[in-house]
Amino acid sequence: MARAGLSGARLAQAGAELADEVGFEQVTVSALARHFGVQVASLYSHVRNSDDLKARIATVALTELADQAATAVAGRAGRDALHALADVYRDYARTHPGRYTATRHTAAASVLGEQYVAAGRRHSELVRAVLRGYDLDEPTETDAVRLLGSTIHGYITLELAGSFSHSEPSAGDSWPRIIDALDTLLRSWS
């Protein structure tokens with residue numbers, strides 16, 4: 001019998017919150033059962049296993065981030081859209097470090113749900129929408145998607161790990177200059 005109030009969606013949301021507290025890799029079905037004060041077995045009527053739980057948490061995070069990014073880039077183009085997109089990713093990572101890690105999670109094919117796939121696709125579509133302001137043809141646009149992902153996510157990951165805390169200028173001062181450099185590259189990319 002399912003415990004009243006527990007559902008796959010509630011477990012995913014609680015797992016996302018727990019990820020921000022203890023780190024995404026530390027979130028397990030057992031940890032979530034302790035959080036709710038229930039037996040581990042009682043959660044298996046809502047999630048199949050830890051992989052399923054992590055995919056659900058990733059879906060929550062990807063959806064939240066895509067919603068914020070879509071709002072931020074709406075009505076913007078070129079440099080303004082690029083800064084808005086990059087800033088949303090960085091702000092989300094700093095506010096929700098566990099969830100941000102979840103957005104980088106690659107779920108096993110056996111646990112991929114339609115919502116997970118749709119949320120991931122939204123991010124690709126948002127980046128491509130920003131890149132339309134640079135009038136890039138294929139395969140250059142795909143190269144640019146990969147460049148933005150590598151630079152933005154790489155910077156954020158290094159910053160969260162404290163890699164930039166030992167030197168000047170600050171990571172916050174470097175960030176807009178790096179995004180401006182990406183804008184310059186994208187405008188001149190032939």
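1. Phenylalanine 164 is partly exposed, at 26% relative accessible area. (Buried here means under 20%, exposed over 50% and partly exposed in between, with a 1.4 Å probe and protein chains only.) Bear in mind that this is a predicted model: local features need pLDDT of at least 70, side-chain atom pairs count only at pLDDT 80 or more, and totals for chains, interfaces and linings use all residues. Residues are numbered from 1 along each chain as its sequence is written, and side-chain values use heavy atoms, with hydrogens and water left out.

2. Staying with the aromatics, the whole structure yields two aromatic pairs. Tyrosine 155 and phenylalanine 164 have ring centres 4.7 Å apart and planes at 40°, so this pair is tilted. Tyrosine 155 also forms a tilted pair with tryptophan 175, at 5.1 Å centre to centre and 50° between the planes. That second pair links distant parts of the chain, since tyrosine 155 sits in helix α8 and tryptophan 175 in helix α9, 20 residues apart. (Rings of Phe, Tyr and Trp, the last by its six-membered ring, pair if their centres lie within 6.5 Å; planes under 30 degrees apart are stacked, over 60 edge-to-face, the rest tilted. Helices are DSSP runs of H or I with at least four residues, numbered from the N terminus.) Tyr155, Phe164 and Trp175 make up one aromatic cluster; tyrosine 155 and tryptophan 175 are both buried, with tyrosine 155 at 8%.

3. On confidence, the protein chain has a mean pLDDT of 92, and 95% of its residues reach 70 or more. (pLDDT is the predictor's confidence in each residue, from 0 to 100.) Helix α3 (residues 40–43) has the lowest mean, 89, while α5 has the highest, 98.

4. The largest nonpolar core holds 60 residues, and Leu32, Leu43, Leu82, Leu131, Leu148, Ile152 and Leu186 have the most contacts inside it. α1, α2, α4 (50–73), α5 (78–95), α6 (97–103), α7 (114–131), α8 and α9 (171–188) each give two or more residues to this core, with the largest share, twelve residues, coming from α4. (A nonpolar core is a set of buried Ala, Val, Leu, Ile, Met, Phe, Trp, Tyr and Cys residues joined through side-chain atoms within 4.5 Å.) For a closer look, try leucine 82: beyond its neighbours within four places in sequence, leucine 82 is in contact with Val130, Tyr134, Leu148, Ile179, Leu182, Asp183 and Leu186. (Contact means heavy atoms within 4.5 Å.)

5. Now the charges. There are 13 salt bridges, meaning a side-chain nitrogen of Lys or Arg within 4 Å of a carboxyl oxygen of Asp or Glu. Arginine 99 and glutamate 64 form one of them, with the closest N and O atoms 2.9 Å apart. The two are 35 residues apart, arginine 99 in helix α6 and glutamate 64 in helix α4, and arginine 99 counts as buried at 7% relative accessibility.

6. Over at α5 and α9, arginine 79 and aspartate 180 meet in a salt bridge at 2.9 Å, N to O. Arginine 79 lies in helix α5 and aspartate 180 in helix α9, so this pair ties together parts 101 residues apart in sequence. Both partners are partly exposed, arginine 79 at 39% and aspartate 180 at 26%.

7. Another salt bridge joins arginine 187 to aspartate 183 at 2.8 Å, N to O. These two are four residues apart in helix α9, which means about one helical turn between them. Their surroundings contrast: arginine 187 is exposed at 58%, whereas aspartate 183 is buried at 3%. Elsewhere, Asp20, Glu64 and Arg99 are joined into one network by salt bridges that share partners.

8. At the N-terminal end, an unreviewed UniProt entry places "domain: HTH tetR-type" at residues 5–65. (UniProt positions follow the numbering used here, feature names are shortened, and annotations may be inferred rather than shown by experiment.) The span is 70% helix and 0% strand, and its end C-alpha atoms lie 26 Å apart. In α2, Val29, Ala31, Leu32, Ala33 and Phe36 are buried, with α1, α3 and α4 among the elements covering the buried residues of α2. Glycine 37 follows α2 and has a positive phi, near 70°.

9. Lastly, phenylalanine 24 is in the loop between α1 (8–22) and α2 (29–36) and is buried at 2%. Neighbours within four places aside, phenylalanine 24 is in contact with Ala19, Lys54, Ile57, Gly98, Thr101, Ala102 and His105.
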